[in-house]
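Visitor: Could you take me on a close look at one part of this structure, please? I would like to see how its strands and helices fit together.

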Amino acid sequence: MKKKRLVTSYLDLPVRFKILLWFIPLLLITVAVTGWYSYYTAKNQVLEKINRAQLEYTNQISNQLDYITNDAVDFTNYLFLLSSVQQFLNPITQDDSISRRKQISEIASSLLVNQRDFQSLVLYGFNEEVPPLAINQTGVTSTMPFSSFTKTQHYKLALEQAGKPSWTLLTGDEHLFEGDSRTKIILTRVIKNSYTLKDLGMIVIGINEETLRRKYTKGLSNNAQLFIVHNNNKVITSTDGQWIGKDVADVPYFEEKSDDSITLTSNEWIVASSQSENGWNVLLLQPREDLLKELNTIKVWTFIVTALCFLMGVWFSWYVSLVITKPLKKLTKSIYQLQKGDFTQQVSFRGNDEVGKLGRGYDHMVQQMKKLIDDVFRSQLSRKEAELKTLQAQIHPHFLYNTLDTIFWRAQQKKEADISDMIYSLSQFFRLSLSDGKEFVTVQHELLLIKNYLTIQKNRFTNKFTFEIQVADDLKEIHIPKLLIQPLVENAVLHGLDSIEDNGLIYIHIVRKDSFLLIDVVDNGNGIEKQKLNHINKFLQKTDFETIAMEELQDRPGYALLNIMERLRMKYGQEATMMIESEQGMGTKVMLRIPLSIEH
């Protein structure tokens, strides 16, 4: 029931509101989806742009780390090849060791000054008689004894690398460089004898972690997090110093998978990662929320534009619905006036669309209705006048009947047979033609009327013509409109036989064919010329005899023919037809066809 009420309520809505009811939700969905898609696309593009910038930044850092790593390796290779270093680590005499120590200090100090990334250098000899050499950018300094250094992880990892560089993190509590407790990233490498390739000692190069951190975190936003991780997944440096030296798995932002890959633990962060050739992994994290704050302006403008588009769409749909429904309102108002009887209504729509065609159809319909009503009114008025005339005429025929009967009996008494026959035929003709005011009579009644009429005419024109009537007995009781055949017979006598002196013939033939009654009236008189015959037949095929009589009054055929055809069309419609065949000097044949399906 609820669904039925909704359907009924919808059907009762004006067309304008139906259009808006469908169009506005569709417009809202379209604009909302378009706005959301625009914002989503802009957001992804901005995030992609930021991520690309982050990736470029991490690539720059990883490239610089590769440069530092390569420089450190080149630095150790250079020292490895110096004869003074070889002789310092394997001295011949004590004086030679002191001399080489001074020479190496000068060379290393100049190298450290040129290499700003390296702050410290230590040379350990495996010969315990050789004291370690420690140098920083300010000059010679002191370091822990070699015996203590052998107990550190740095020494062990360097031995495992067998001459390859080993990168580790040196914390401040290990005191490798006395007086310098800063955390350092150190390269430890075994130095071999250039001739025998036996291990002579170790070289240690230190890079301040704090200096490296300031160098790469400068310019980052407050909430960005930078991590530099070595291939052992140890955090070498980071924006937040508390994570330095810890495994990546211990940092809450990351988790380490079984294949040693690093992933984020939450999608609240956006990460850019770059892997260097020397095993350095640079990770840059930025909060997604902070990045999306930059999109607030885009979000606000997207909402504003979307809202404006929706409002403009609503206004435009309101205007379009007004344009569409305005002609319908005009048509509805005109229909109301038409219902009140105003048949002068015209909507006069322009255009050739459906509404325009509807308006023109409506205007034509109103014109036809007005014409039909006028025709019916005229027909009813004519019928009333005919009934009145018939009523008036009935007064005189009764008097005429009585008078004719008196004359007939007087002629009989005086034995005037010809006069009595004519008077009798005339009396019967009047009596039959009135037929008690009936509109339809039988075929037999109509033929009896014709016989009396022709009898009178034969007495007038002795030996001028004869007549013959042929009809089957089963057709005599069929009803036809009265005075249907008699005017045709009268036309044959007055027009067809008017110039004939004798041997005239009028032949009436009535038969049934299928569901039609065929009536032929034939004479052998003057005939009709071809042009006039075509003109008459053309008129008889038309339907609106009232219009014909008004427009072509001078050229219409005889009144009797039009009267018969008009009566047939009124009674039987288009199924009733009349056709005339004639040849000048040979006679005329009038053919009527009446449907038998209509009962009266």
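Guide: Happily! Let's start with strand β5 (residues 184–192), which is joined to strand β6 (residues 199–208) by nine bridges, the two running antiparallel. Strands (E, at least two residues) and helices (H or I, at least four) are DSSP runs, numbered from the N terminus, and two strands pair if DSSP finds at least two bridges between them. One bridge to look for links I186 with its partner in β6, G206.

This is a predicted model, where local features need pLDDT of at least 70, side-chain atom pairs count only at pLDDT 80 or more, and totals for chains, interfaces and linings use all residues. Residues are numbered from 1 along each chain as its sequence is written, and side-chain values use heavy atoms, leaving out hydrogens and water.

Now step back to the open sheet of six strands, which has antiparallel pairing and the order β3-β2-β1-β6-β5-β4. At its edges stand β3 (139–141) and β4 (166–170); each has a single partner strand, so one side of each is left without a neighbour in the sheet. On average, neighbouring strands of this sheet are turned by 25° against each other, direction ignored. Axes here are lines fitted to C-alpha atoms, for helices over the stretch in contact, and angles run from 0 to 180 degrees between N-to-C directions.

Two helices pack on the sheet as well. Helix α6 (residues 153–161) touches β4, β5 and β6, and its direction makes about 175° with that of β4; contact means heavy atoms within 4.5 Å. Helix α7 (residues 209–217) touches β5 and β6, its direction making about 45° with that of β6.
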